[in-house]
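Trainee: I should like to learn how the features of a structural model are read. May we work through one example together?

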Amino acid sequence: MSQVPPREDLLTHDVANQPPARGDVDLWADDPALRDHAGAAGADTDHLARYGAQIGTAQMQEAGRLANRHDPEAVLFDAGGRRLDEVHFHPAYHDLMRAGIGAGYAALPWEGASGGHASHAAMVYLTSQVEPGVCCPMTMTYAAVPALQAEPGLFEAWVPKLTSRAYDGAAKPLARKPGATMGMAMTEKQGGSDVRSNTTQASPDGEAWRLRGHKWFCSAPMSDGFLTLAQAPGGLTCFLVPRWLEGERNAVRIQRLKDKLGNRANASAEIEYADALAWRVGEEGAGVRTIIEMVHHTRLDTAMAPAGLMRAALSHAAHWARHRTAFQTQLIDQPLMQAVLADLALDWEGTLALGMHVGGYFDRKGEAERAYARLSVALAKFLGNKLCPALVCEAMECLGGMGYVEDTPLPLLYREAPLNAIWEGSGNVICLDILRTLRREPLAGEVLSRELGAVAGQYRRYDAALSAHMQRFPRLPDEAQARWYAESLASLLTASVLIRTAPLAVAEAYVATRLGGERGRVPGAVGAIDMGGILSRL
Ligand SMILES: Cc1cc2nc3c(=O)[nH]c(=O)nc-3n(C[C@H](O)[C@H](O)[C@H](O)COP(=O)(O)OP(=O)(O)OC[C@H]3O[C@@H](n4cnc5c(N)ncnc54)[C@H](O)[C@@H]3O)c2cc1C
């Protein structure tokens, strides 16, 4: 029998000054900021308390790690060379999907209870902290529902499955599944933002259509159906492409999976429609108008996800700082570490507060409120995603060398951090969209003015920043100034929400540092702020 060699490496020293594993984390109970902002937005806090406890367990965190570690694999053919066009995932991916779908991630807003969209937004935030990749297929499933309203027959056939709370990841026809997921395929090689340049062709085939062409990005290619755009004789039109027809695969060919920077648990494919059968959604020629309903809802999730990534990075950094000593003092008690963490915490809580505020407006039905939801979701998506990578990077540094090592979740979070800025409207596109909404929908601007004015007279620096914005931009700016304009408005709106829903320490510090000049260009370069009050939020 061979002898196991002695572990000399572990005989030389005791392990000291290394933080303990975090174990089960109750992501609701441990997050007073979430409780404040979700409550203010009208979310179902009992539901979130259950989901926050469920999704934060050590078991779920391990599932997140495994789903990232074991990339999905495209299985294009069977042993006989017949096309399969399937993607195989690690079982942990399916566990996470089952947990999210089962808890109503995609269904809750459409079940009729009040605060459904706000609750969904908070679920995006919670899920992103554990495994952000699974959010993509669940988000698209949630967001497809309002677009399908344009076609009552398809709505009736598909929406009960999309909102069923039963997850079935198997590749089989819709009729044989208790629940279904939906993807979205718009982007083509020659143009992603500019979808009007799509070249995929749609030809009538009786009641149905046949699509021929490529899609350069199609995430979650194992979804049961895809909302897609193609050129019909009457112009760019929205279609639903089922992955399966009765008993056989539809001609949706996976070419390959993208080798992505992050978001590894989620599969993103290049696909071809080889005369794939499709059903028209909405009027011929009204493709953008129809699918924009879906994009509007996916944007809510891309505004919430960065808040979740920031929270995850910060809570790991705070845990580390609480359990690690340097120069005989715990890191959390070192003034400069406090300044860094407190400064980062302001951007995290600001992003969370603004995202929940927007989620609350998705639940409101008035014309002005809906217009404002379109405007504010773009403001939130823009600012939160621009702040996220820098925050995650700095949180990584709080762990020292181990922040750069895959044993901690910081590398995963870092790779994920830029993504939500890119899809569903990249930064510039979002800023131009903000100008377009303000130009076309005066009601959106009116609600925004009300929201900004609601806290006037409470903070000298807030009032000064608001009036400086109005002086600089008495009217809508040129395109070249659109980022400045969007950042300025989004920061003011964040401050306005924080003043109403966050503790004094957070609101005061946000106004002083983000609007009042008490901050340099790098994290932690801040003037005197109430660090204890802010850190208590972590
Ligand atoms: C991981 C991942 C998954 C994805 N999944 C999907 C999916 O499932 N379905 C899908 O349809 N797409 C998907 N996409 C594609 C994504 O939505 C597009 O990449 C995105 O919309 C940008 O399009 P593009 O890549 O063609 O870039 P372009 O449209 O070429 O844009 C390039 C840059 O130019 C900027 N720009 C564009 N117009 C202007 C302008 N007028 N003025 C100034 N700047 C401008 C943009 O902001 C961007 O920074 C995915 C992308 C990634 C990274």
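Mentor: We shall take the ligand site, then the aromatic pairs, and then some individual residues.

Trainee: What should I know about the model and its numbering before we begin?

Mentor: This is a predicted model, in which local features need pLDDT of at least 70 and side-chain atom pairs count only at pLDDT 80 or more, whereas totals for chains, interfaces and linings use all residues. Residues are numbered from 1 along each chain as its sequence is written, and side-chain values use heavy atoms, with hydrogens and water left out.

Trainee: Which residues around the ligand come nearest?

Mentor: A residue is near a molecule if one of its heavy atoms lies within 4 Å of it. Here 19 residues are around the ligand, and Met-184, Met-186, Thr-187, Ser-193 and Ser-219 come nearest.

Trainee: How many residues of this shell are nonpolar, polar and charged?

Mentor: By convention, Ala, Val, Leu, Ile, Met, Phe, Trp, Tyr, Cys and Pro count as nonpolar, Asp, Glu, Lys and Arg as charged, and the others, Gly among them, as polar. The shell around the ligand divides into 10 nonpolar, 8 polar and 1 charged residues.

Trainee: Which helices and strands each supply at least two residues of the shell?

Mentor: Helices (H or I, at least four residues) and strands (E, at least two) are DSSP runs, numbered from the N terminus. Strands S3 (182-185) and S5 (208-219) and helices H13 (419-422) and H14 (427-440) each supply at least two residues of the shell.

Trainee: Why is the ligand said to lie between domain 1 and domain 2?

Mentor: Domain bounds come from an automatic or database domain assignment. The ligand lies between domain 1 (32-285) and domain 2 (289-535) because both give residues to the shell around it.

Trainee: Which polar contacts of the ligand should I examine?

Mentor: A polar contact is a pair of N or O atoms within 3.5 Å; within protein, one must be able to donate a hydrogen and the other to accept it, and residues adjacent in sequence count only if both atoms are side-chain atoms. A polar side-chain atom of Ser-193 lies 2.5 Å from an oxygen atom of the ligand. For Met-186, a polar backbone atom is 2.8 Å from a ligand oxygen atom. An N or O atom in the side chain of Asn-428 is 3.0 Å from a nitrogen atom of the ligand. On its own the ligand has 970 Å² of accessible area, of which the protein covers 66%; such areas come from the Shrake-Rupley method with a 1.4 Å probe, and for residues only the protein chains shown count as cover.

Trainee: How is an aromatic pair read?

Mentor: A pair of aromatic rings is described by the distance of the centres and the angle of the planes. Rings of Phe, Tyr and Trp (its six-membered ring) pair if their centres lie within 6.5 Å; planes under 30 degrees apart count as stacked, over 60 as edge-to-face and the rest as tilted. A search of the whole structure finds 7 aromatic pairs. In one of them, Trp-216 and Phe-217 have ring centres 6.3 Å apart and planes at 75°, so the pair is edge-to-face.

Trainee: Are Trp-216 and Phe-217 buried or exposed?

Mentor: Buried means under 20% relative accessible area, exposed over 50%, and partly exposed in between (1.4 Å probe, protein chains only). Trp-216, at 26% relative accessibility, is partly exposed, and Phe-217 is partly exposed at 40%.

A further pair is Phe-473 and Trp-484, with ring centres 6.4 Å apart and planes at 85°, so this pair is also edge-to-face. The pair links distant parts of the chain, 11 residues apart: Phe-473 is in the loop between helix H16 (460-472) and helix H17 (482-501), and Trp-484 is in helix H17. Phe-473 is buried at 6% relative accessibility, whereas Trp-484 is partly exposed at 45%. Together with Tyr-485, Phe-473 and Trp-484 form one aromatic cluster.

Trainee: What does the side chain of Asn-385 reach?

Mentor: Asn-385 is found in helix H11 (residues 367-398) and is buried, with a relative accessible area of 2%. Its side chain reaches the backbone oxygen of Lys-381 at 2.9 Å.

Trainee: Which residues have a positive phi although they are not glycine?

Mentor: Arg-165, among them, has a positive phi of about 70°. Arg-165 sits in the loop between helix H8 (152-162) and S3 and is partly exposed at 30% relative accessibility. Asn-263 has a positive phi near 55°; Asn-263 lies in the loop between strand S10 (252-257) and strand S11 (268-281), where it is buried at 3%.
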